[in-house]
Amino acid sequence: MLDVQLLNHSPVRLDASFTCAPGELLALVGPSGSGKTSVLRAIAGLLDSPGLTGHVLAGDGERGVWMDSARGIRLSPQQRRVGLVFQHYALFPHLSALQNVALATHPVKAPAYFEDLFQRMGLAGLEQRKPSQLSGGQQQRVALARALAREPQVLLLDEPFSAVDAPTRQALYRELALLRQSLAIPMVLVTHDLHEARRLADRVVILDAGESLQIGTPAKVFASPRNARVAELVGIQNLFSGRFFRDSDEGPTAWGRLAWSNAVSLRVVDKGRLSDGAEVSWVLAAELLDVGAATAGPQGDNTLACTLTEVLPLGEISVCTLVPDVIEDQRLTLNLSTALLRQLGAVRGSRLTLQVPPEAVHIMPVLGHRRS
């Protein structure tokens, strides 16, 4: 188990904590400058900051204590059994692939060890080639082989797929998946690619200005952000403000009402975390909305009548902007099936209805408005 708690003020701000279980792949996600690489460097012992406090525990017992500021323990990078794969490979250009990998081993390994490692990494026959004689994907495999040659307790991956083309990236994803089947060690991946994090990670840590804002499975974090800042960082477009009111607690489900711009009232699930009348931010899970043609007469509960103001086709989907009738200063952005739009005969200026299930509304408290 990797257990990380880091606090630092200068020159890099850090206030991050998380755990990563053996065999788990944890993704650190955040914008440029959010501290993702600094966290990896702190784990590896490469962050040169005397004011860094907290702990890095990489296993049971004293041998797993890489850093513990309370006890004055701070192992050097050489003393930490960590495998680190850099974004741009960091291979020595004058050395062969085999020599680059062999540099990481201690004590010296027999030739059969490297033969097996190069075979597993799909590098057989390339041992004597220099980095300039290898493709980007092959160089990345050499960098990964070098990290594994340290027989690490923890594997750290710093945007390892960003410098290769799409087909190579897909092949490397497969290599990582195969690697996870044979290595029961914590793996921490830094990525700015939200789709990559969703595809590869068991859990994600959302970082902003060095602080870990939310930790959880990709499905949980991307569908239920903790606050408006997390929603923004994970790319949620339909983010709004409103006010929450509690209804009756009777029955198996507690219900509430969400007032939006004092013009729309949506029925929502009351999870018991908000006080009555609390100011909230909220997002819509677009994939749960039911889109249909406009109907005459009064609208049912949780139904929004909208005008389709923009349609941007992108192959099988179209990016659509809808404006609710009663809230003309608000915009909803939805990725709708082009086939569905064709079926509805929907074009710019068309009238549509949105049926909003209560579970499609995720409400986040504004600071100070949690229920006591």
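This report walks through the pockets, the cavity, one helix and the ring contacts of the structure above. Keep in mind that the model is predicted.

**Pockets and cavity**

Let's start with the open space. The largest pocket has a volume of about 740 Å³. Its lining takes in 24 residues, and R198, G235, I236, A286 and E287 are the ones nearest the centre. If you want to find the walls by secondary structure, look at helix 6 (194-200), helix 7 (218-223), strand 15 (278-284) and strand 19 (332-337), each of which gives at least two residues to this lining. The class split for the largest pocket is 16 nonpolar, six polar and two charged residues.

Next comes the second largest pocket, at about 640 Å³. Here 22 residues make up the lining, with P77, Q78, V82, A104 and R150 closest to the centre. Strand 7 (82-85) and helix 4 (136-149) each put at least two residues into it. By class, that lining comes out as 12 nonpolar, five polar and five charged residues.

There is also enclosed space to deal with. The structure has one cavity of 30 Å³ or more, and the volume of the largest cavity is about 80 Å³. Around it sit V85, Q140, R141, L144, L157, P160, F161, L172, E175 and L176. Helix 4 and helix 5 (166-182) are the elements that supply two or more of these lining residues. In class terms, seven residues of the cavity lining are nonpolar, one is polar and two are charged.

Here are the three spaces together:

| Space | Volume | Lining by class |
|---|---|---|
| Largest pocket | about 740 Å³ | 16 nonpolar, six polar, two charged residues |
| Second largest pocket | about 640 Å³ | 12 nonpolar, five polar, five charged residues |
| Largest cavity | about 80 Å³ | seven nonpolar, one polar, two charged residues |

**Helix 4**

Helix 4 helps line the second largest pocket and also the largest cavity, so it gets a section of its own. This helix runs for 14 residues and spans 20 Å from first C-alpha to last, close to the 20 Å expected at 1.5 Å a residue. Most of helix 4 is covered, with 12 of its 14 residues buried. Among the buried ones are Q140, R141 and L144, and those residues turn up in the cavity lining too.

**Rings and charges**

Now for the aromatics. The model has five aromatic pairs. One of them joins F240 and W282 in a tilted arrangement, 5.0 Å centre to centre with 40 degrees between the planes. This pair bridges distant parts of the chain, as F240 is in strand 12 (residues 239-246) and W282 in strand 15, 42 residues apart. F240 counts as buried because its relative accessibility is 5%, and W282 is buried at 0%.

W282 has another ring partner: W260 meets it edge-to-face, at 5.1 Å centre to centre and 85 degrees between the planes. That contact also links distant parts of the chain, with W260 in strand 13 (residues 255-260) and W282 in strand 15, 22 residues apart. W260 is buried as well, with a relative accessible area of 1%. Taken together, ring pairs tie F240, W260 and W282 into a cluster.

Two charges sit over rings as well. R267 places its charged end over the ring of W255, 4.0 Å from the centre. K109 lies over the face of Y113, 5.2 Å from the ring centre.

Definitions and conventions:
Residues numbered from 1 in each chain as written. Predicted model: local features only at pLDDT ≥ 70, side-chain atom pairs only at ≥ 80, totals over all residues. Heavy atoms only, no water. 1 Å grid on protein atoms, 1.4 Å probe; cavity = no way out; pocket = protein on both sides within 12 Å on 5 of 7 lines; lining within 4 Å. Points joined across faces, edges and corners; volume = space filled by probe spheres on them. Helix = DSSP H or I, 4+ residues; strand = E, 2+ residues; numbered from the N terminus. Nonpolar A, V, L, I, M, F, W, Y, C, P; charged D, E, K, R; others polar. Phe/Tyr/Trp six-rings, centres within 6.5 Å; stacked < 30°, edge-to-face > 60°. Buried < 20%, exposed > 50% of the residue type's maximum accessible area, 1.4 Å probe, protein only. Lys NZ or Arg CZ within 6 Å of the ring centre and 35° of its normal. Expected span 1.5 Å × (residues − 1).
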